[in-house]
Amino acid sequence: MLLKAFSLLLLCSVALAADSYDGYKIYDIIASNAFEKQILLRLSNNMDYDFFDMPRAFDAASRVMVQPKDQAEFELLLQKFNLEYAVINDNLGDSLRQEQLENQSQRLLSQRSASRSISFTAFHRHAEINAYLDELAKAYPSRVTVTTPGQSYENRDLKLITITNGDGKTGKKVIFLDAGIHAREWIAPAEALYVIYQLVENFAANSALLKDYDWVILPVVNPDGYEYTHTSTRMWRKTRKPVSSSCYGTDANRNFDYHWGEVGASSYSCADTFKGETAFSEPETQLVRDLLLGYKGRGKFYLTLHSYGNYLLYPYGWTSALPTTWRDIDAVAQAGADAIKSGTGTKYTVGSSTNVLYAAAGGSDDYAFAVAEFPISITMELPAGGTGFDPTTAQILPYVSETWLGIKAMAQKVIEEF
Ligand SMILES: [Zn+2]
């Protein structure tokens, strides 16, 4: 009883990032022809409407979050253009509050029971994630190295884990994986941690993946944004460096210097897809750049984890043209999609970013491929949970283990071919 009261006290004293979403509604909108898609595209340029996704397929709904003050006008617009829509959540604040309380209690539970700082029953804070990496380096010194190649704008340590099979051979080929470039996509860092867990703590089952390859993993690219989604604004996407007097943050995945800013990125600092004042304006993207360039030649597979939408995307993001080697990349992505489909039945769409989704320049995947010369470069969009970016704690383990099937299959294909 005492323990319960103590936990409750702890839960109540935590500021909730859900509080800022009272009265927010989530809409699903069907645009069933090209004209209606165009209308949605134009609506998405209005920064008051937060489009969670914008699928190309005519039968797939687009999901939008709208704050209370804009809802009447938004609904009028949808009616004016005869767009079919449904309110799928009429108070996001309520849902997020429940989810956050559940996450807090799952975190407390795992702190009491688990031997490590993380579990796959809760979404963990950045400090817990870093502590887990350090614990692994200590427990498996012959196979794990953890370094801190730099800090975020708010001075958080960006920890990088290098996983080997411990045979002492240097200069092996490299698989580079990162996650959490977008703050609100919590399932992506969770997945990166699950990959780390599999390669390190379940080494015997996965040692073939480490025979000729080292894995280098940056599980949280944007820790300032990630922490901000835990403490203040759950649906934050960008980094946290101030840009103008009123707006913070840059879309780190529009900030890489390859056809930077040419398409699908905003010049307006308040926008969710703000490309940055210059290419590589953010310490976090500079750090990823330097790591990728450091592996030029050795780096064979770059995989960046996002959510959501069940996509395996490859270059280019800046143009609908395909790289001459697109068939190689497509075969790897397809191997991932096939493994997931036969494992759990979950379907992924495979294709180039521009052709499957929409053009957006300045992404890390184009940069890894075209500048750092990783021959295979893939963006993986994990499935939606909750209203999209907020899977429940019970969904974490099924999602991360399903996704691991795909990542393992893609890595195996790369190892066979390169
Ligand atoms: Zn993303």
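In the UniProt record, an unreviewed entry, the feature "domain: Peptidase M14" sits at residues 122–414. The structure looked at here is a predicted model. Over residues 122–414, helix makes up 36% of the chain and strand 18%, and the C-alpha atoms at the two ends lie 31 Å apart.

Next comes a sheet of 8 strands. This sheet is open, its strands run in the order 5-6-8-7-9-12-10-11, and the pairing is mixed. The edges belong to strand 5 (144–151) and strand 11 (349–352); each has a single partner strand, so one side of each goes without a neighbour in the sheet. On average, and ignoring direction, neighbouring strands here are turned by 20° against each other. Further in, strand 10 (residues 311–314) pairs with strand 12 (residues 376–382) in the antiparallel sense, over 3 bridges. Tyr311 is found opposite Glu381 of strand 12.

Helices pack on this sheet too. Helix 5 (residues 126–139) touches strand 5 and strand 6 (157–163), and its direction makes about 35° with that of strand 6. Helix 13 (residues 393–417) also packs on the sheet, where it touches strand 7 (173–179), strand 8 (213–218), strand 9 (299–307), strand 10 and strand 12. The direction of helix 13 makes about 165° with that of strand 9.

Another open sheet is built from 4 strands, in the order 2-3-1-4, with antiparallel pairing. Strand 2 (49–51) and strand 4 (84–89) take the edge places with a single partner strand each, so one side of each is left without a neighbour in the sheet. Neighbouring strands of this sheet are turned against each other by 30° on average, direction ignored. Strand 2 pairs with strand 3 (residues 62–66) over 3 bridges in the antiparallel sense, and Phe51 stands opposite Val64 in strand 3. Helix 3 (residues 71–80) packs on this sheet and touches strand 1 (25–30), strand 2, strand 3 and strand 4. Its direction makes about 10° with that of strand 1.

That leaves the empty space. The second largest pocket holds about 220 Å³. Its lining is made up of Ala34, Lys37, Gln38, Leu41, Met54, Pro55, Arg56, Phe58, Leu357 and Tyr358. Sorted by class, this lining comes to 7 nonpolar, 1 polar and 2 charged residues.

Key:
Residues are numbered from 1 along each chain as its sequence is written. This is a predicted model: local features need pLDDT of at least 70, side-chain atom pairs count only at pLDDT 80 or more; totals for chains, interfaces and linings use all residues. Side-chain values use heavy atoms; hydrogens and water are left out. On a 1 Å grid over the protein atoms alone, a cavity is a set of points where a 1.4 Å probe fits but cannot get out, and a pocket is an open set with protein on both sides within 12 Å along at least five of seven lines; lining residues have an atom within 4 Å of a point. Grid points are joined across faces, edges and corners, and a volume is the space filled by probe spheres set on the points. Ala, Val, Leu, Ile, Met, Phe, Trp, Tyr, Cys and Pro count as nonpolar, Asp, Glu, Lys and Arg as charged, and the others, Gly among them, as polar. UniProt positions are given in the numbering used here, feature names are shortened, and annotations may be inferred rather than shown by experiment. Two strands pair if DSSP finds at least two bridges between them. Axes are lines fitted to C-alpha atoms, for helices over the stretch in contact, and angles run from 0 to 180 degrees between N-to-C directions. Contact means heavy atoms within 4.5 Å.
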